[in-house]
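Reader: Hi! I am new to reading protein models, and I would like a close look at the disulfides and what surrounds them. Could you walk me through that part step by step?

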Amino acid sequence: LAYPKSLPNAACGYGEITEKEFPGFKLASIPPKSELKARAMGGCGTCVEIKCADTQYCSGTTPTDVVMVYDTCEDCAAKELNVNARVFEEMVPLSLGRVDVQYRQVRQDQIFFNSMLIGP
């Protein structure tokens with residue numbers, strides 16, 4: 001699977017994102033009714049740790065990952081996250097398309113984006 005070398009500007013207004021600026025594209029979109037939207041800046045820049053919770057496809061050794069909110073997912077239900085395909089594929093095969101996850105907001109002190117530190 002060939003991944004794009006950049007992602008277009010999205011709802012949070014960070015502009016076009018390249019892999020050089022944000023390695024691995026550890027990014028997620030949240031729905032308009034997400035509880036994360038109540039955070040400062042509508043959830044933009046919020047860091048979320050995700051863990052696969054689908055026992056059919058994941059085990060206790062399936063890695064967790066931390067993603068940053070950078071967009072809105074209009075088609076997602078209130079408790080869903082839409083993560084970048086690279087992040088998804090690190091947890092489970094991309095062909096699954098959708099799996100249950102657990103997620104929680106976390107501090108991420110060293111996320112660099114466009115020469116700007118995002119975090120507390």
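Author: Happy to: here is a walk through the disulfides, then the sheet, and then the pocket.

A word on the ground rules comes before the tour. This is a predicted model, in which local features need pLDDT of at least 70, side-chain atom pairs count only at pLDDT 80 or more, and totals for chains, interfaces and linings use all residues. Residues are numbered from 1 along each chain as its sequence is written, and side-chain values use heavy atoms, with hydrogens and water left out.

Let us begin with the bonds themselves. A disulfide is a covalent bond between the sulfur atoms of two cysteines. Here the term is applied to a pair of cysteine sulfur atoms within 2.5 Å. The structure holds 3 disulfides. If you number the bonded cysteines in sequence order, they pair as 1-2, 3-4, 5-6.

Take Cys-12 and Cys-44, whose sulfur atoms sit 2.0 Å apart. Cys-12 is in the loop between strand 1 (6-7) and strand 2 (17-18), while Cys-44 is in the loop between strand 3 (27-30) and strand 4 (47-52), so this pair ties together parts that are 32 residues apart in sequence. Helices and strands here are DSSP runs numbered from the N terminus (helices are H or I with at least four residues, strands are E with at least two). The torsion about the S-S bond of Cys-12 and Cys-44 is about -85 degrees, so this disulfide is left-handed.

Are these cysteines buried or exposed? Cys-12 has 18% relative accessibility and counts as buried, and Cys-44, at 15%, counts as buried too. The word buried means under 20% relative accessible area, exposed means over 50%, and partly exposed is in between (1.4 Å probe, protein chains only).

Next come Cys-52 and Cys-58, with sulfur atoms 1.7 Å apart. Their S-S torsion is about 70 degrees, so the disulfide is right-handed. Cys-52 is buried at 6% relative accessible area, and Cys-58 counts as buried at 12%.

Then there is the disulfide that joins Cys-73 to Cys-76, with 2.0 Å from S to S. The torsion about this bond is about 75 degrees, which makes the disulfide right-handed. Both Cys-73 and Cys-76 are buried.

What does Cys-73 have around it? One neighbour is Ser-29, a residue of strand 3. Leaving aside neighbours within four places in sequence, Ser-29 is in contact with Tyr-70, Asp-71, Thr-72, Cys-73, Leu-81 and Asn-82. Contact means heavy atoms within 4.5 Å. Ser-29 itself counts as buried, at 6% relative accessibility.

Strand 3 also belongs to a bigger arrangement: 5 strands form an open sheet in the order 6-3-5-4-7, with mixed pairing. Two strands pair if DSSP finds at least two bridges between them. The edge strands are strand 6 and strand 7 (101-106), and each of them pairs on one side only. Strand 4 and strand 7 run antiparallel and are joined by 6 bridges. As an example, Ile-50 has Tyr-103 in strand 7 as its bridge partner.

Now look at the loop between strand 5 (65-72) and strand 6, where you will find Glu-80. Asp-75 lies in that loop as well. Glu-80 counts as partly exposed at 24% relative accessibility, whereas Asp-75 counts as exposed at 77%. Beyond neighbours within four places in sequence, Glu-80 is in contact with Pro-31, Asp-75 and Arg-98. The C-alpha atoms of Asp-75 and Pro-31 are separated by 7.2 Å, although the two residues are 44 residues apart along the chain.

Arg-98 leads us to the last stop. The largest pocket holds about 390 Å³ of space. Of the 16 residues that line the largest pocket, the closest to its centre are Leu-81, Asn-82, Gly-97, Arg-98 and Val-99. On a 1 Å grid over the protein atoms alone, a pocket is an open set of points with protein on both sides within 12 Å along at least five of seven lines, and lining residues have an atom within 4 Å of a point. Its volume is the space filled by probe spheres set on the points, which are joined across faces, edges and corners. Strand 6 (82-83) and helix 1 (85-91) each supply at least two residues of this lining. Two of the names should be familiar: Leu-81 and Asn-82 are among the contacts of Ser-29.

Terms used
1 Å grid on protein atoms, 1.4 Å probe; cavity = no way out; pocket = protein on both sides within 12 Å on 5 of 7 lines; lining within 4 Å.
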